Amino acid sequence: MSDKNQPIVGIIGMGDMGRMYAKRLKAGGIETIYVCDKPESFESLKKELEGTGITPIPNGHAVSRISDFIIYSVEAAAMTSVVREYGPSTKIGAVVAGQTSVKAPEKEAFEKYLPEDVGITSVHSLHGPTVTTEGQPLIIIHHRGPESNVKMVEDVFRSFKSRYVHLSYEEHDSVTANTQAVTHAAFLSMGTAWNHSASYPWETARYVSGVEVVKVNITLRIYAAKWHVYAGLAMLNPSAQIQIQQYAKSVTELFKLMVENREKELSDRVWESREKVFGWKRNEEPPIPSSSSSSNSKGEEQTRDPILLSEDILNQFSLGSKSTEQQNQNQNQSSSSSPNSHLSLLAMVDCWSKLGIRPYEHLAVAGTPVFMLWIGVAEYLFRSPTLLSSAIQAGLADRIHRPDDIEFVVAARGWSECVSFGNFDLYKRRFEETSNFFSPRFEEATKLGGRMIKAIQDMQSGKKTDSQPNVQ
């Protein structure tokens, strides 16, 4: 795209994602970028962006009147009111997009408040502002206007080196519910459980390596982000609400089978979910394939390699320090074989099974780094009949993790009820209470998470990881 053909880009909303978009688009060669935030933030925004080549202006009316491509980067819950305010000022022939995680309210607002002579080609980067855009899915939704608008949007984001995924508004909300909503609910519940236990998981020998460090790290990464991102996705997406309710139900029902010592029913249910989700029969030791078949959003056959996390990869990382005694105790024991019901993972696969969700398909279409890690540890546990049998037996007999499991059940039900109420203030209070509890470890979790993702991606591409063992 030559400079003379470049569109003028406008961004309404300069939160974390709006800032990321503005700075990376500018670095990628977009010459003219106008941005705005709340009117009271104008002066501070001018100081922040001085010398960057990004031009702040007082409000969304000005951005809308002079920009060829306008991105609304605001909270999903505020989208309707912001578009109602600034949408009528949109330049004739401009293209408008929304960078929100829930598209149903966005679609309704755009159709209602944008002039008919304005195109709608929306976007959504399926990652947070601290994650590299390269190789990550960027969803593009062409809803209204000529097909040439799609090419323009692709050219604007070319420097991101993202993987373009073309979906409809409805397909987007279904995919994001499947890849994000219930995954977030699981980790929100873990964090709340640890908070209510008044226990930092990295301070015990139970949560410092292997599968456990993935759980802890993702929990910390989620609580380090903005609460409204998860609240909007959970409460404004009908598919998400259904999935979060089912996850809480799966957690509760599996835990009841454990405490009632109903071994046969628990075992049958877990092995059945294994076969429905992964295709492996009971006690089958599946071979390691070169690839597995899945379908893309258009139903076309494609292949993708399984994630296949190994103990070598998982044990490169830790979030705590083991004492000499603990190290001696675990010297000849895999971290994943220590007694643990892995209730959160059993319930996730059970939830996917009950709802008919095929996680690999959604990962291939528009999976996030967090979703990749989550499927990876679930696959790791369920691939091995020995590990899965140990988790079932631990759920029935282990008492060390039982208090944590009780707190987890209560937390999962609490988050489900919070979402069903649709109360953003309640969601914010629940989130921030736990976020404040974990905040001292956010920086470490972000760095470690990046190294974990890179190590797994390098493993899948056949590269040798440069990550060092026992990163603390």
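The paragraphs below lead from the overall fold of this predicted model to its nonpolar cores, a cavity and two loop residues. Residues are numbered from 1 along the chain as its sequence is written, and because the model is predicted, local features need pLDDT of at least 70 and side-chain atom pairs count only at pLDDT 80 or more, whereas totals for chains, interfaces and linings use all residues.

The secondary structure of the chain comes to 20 helices and ten strands, which are DSSP runs numbered from the N terminus (H or I over at least four residues for helices, E over at least two for strands). Of the 472 residues, 56% count as buried, where buried means under 20% relative accessible area, exposed over 50% and partly exposed in between, with a 1.4 Å probe and protein chains only. Among contacts with a separation of 6 or more, 76% join residues 24 or more positions apart, a contact being heavy atoms within 4.5 Å.

The largest nonpolar core (buried Ala, Val, Leu, Ile, Met, Phe, Trp, Tyr and Cys residues joined through side-chain atoms within 4.5 Å) has 77 residues, and those with the most contacts inside it are Tyr247, Trp352, Trp374, Phe382 and Tyr427. Helix α16, residues 369–383, gives the most to this core, with eleven residues. A second, separate core of 27 residues includes Cys36, Tyr72, Val74 and Tyr169.

Tyr427 leads on to a cavity: leaving aside residues up to four places away in sequence, Tyr427 touches, among others, Leu188, Tyr230, Ala234, Trp415 and Val419, and these residues, like Tyr427, belong to the lining of the second largest cavity. A cavity is a set of points on a 1 Å grid over the protein atoms alone where a 1.4 Å probe fits but cannot get out, and lining residues have an atom within 4 Å of a point. About 60 Å³ of space lies in this cavity, the volume being the space filled by probe spheres set on grid points that are joined across faces, edges and corners. The largest share of its lining, four residues, comes from α7.

Two residues that are not glycine have a positive phi: Lys161, at about 55°, and His342, at about 50°. Lys161 is in the loop between α6 (148–156) and β8 (163–166), and counts as exposed because its relative accessibility is 56%. His342 is in the loop between α13 (324–330) and α14 (343–355), and counts as buried because its relative accessibility is 4%.

Terms used: Heavy atoms only, no water. 1 Å grid on protein atoms, 1.4 Å probe; cavity = no way out; pocket = protein on both sides within 12 Å on 5 of 7 lines; lining within 4 Å.
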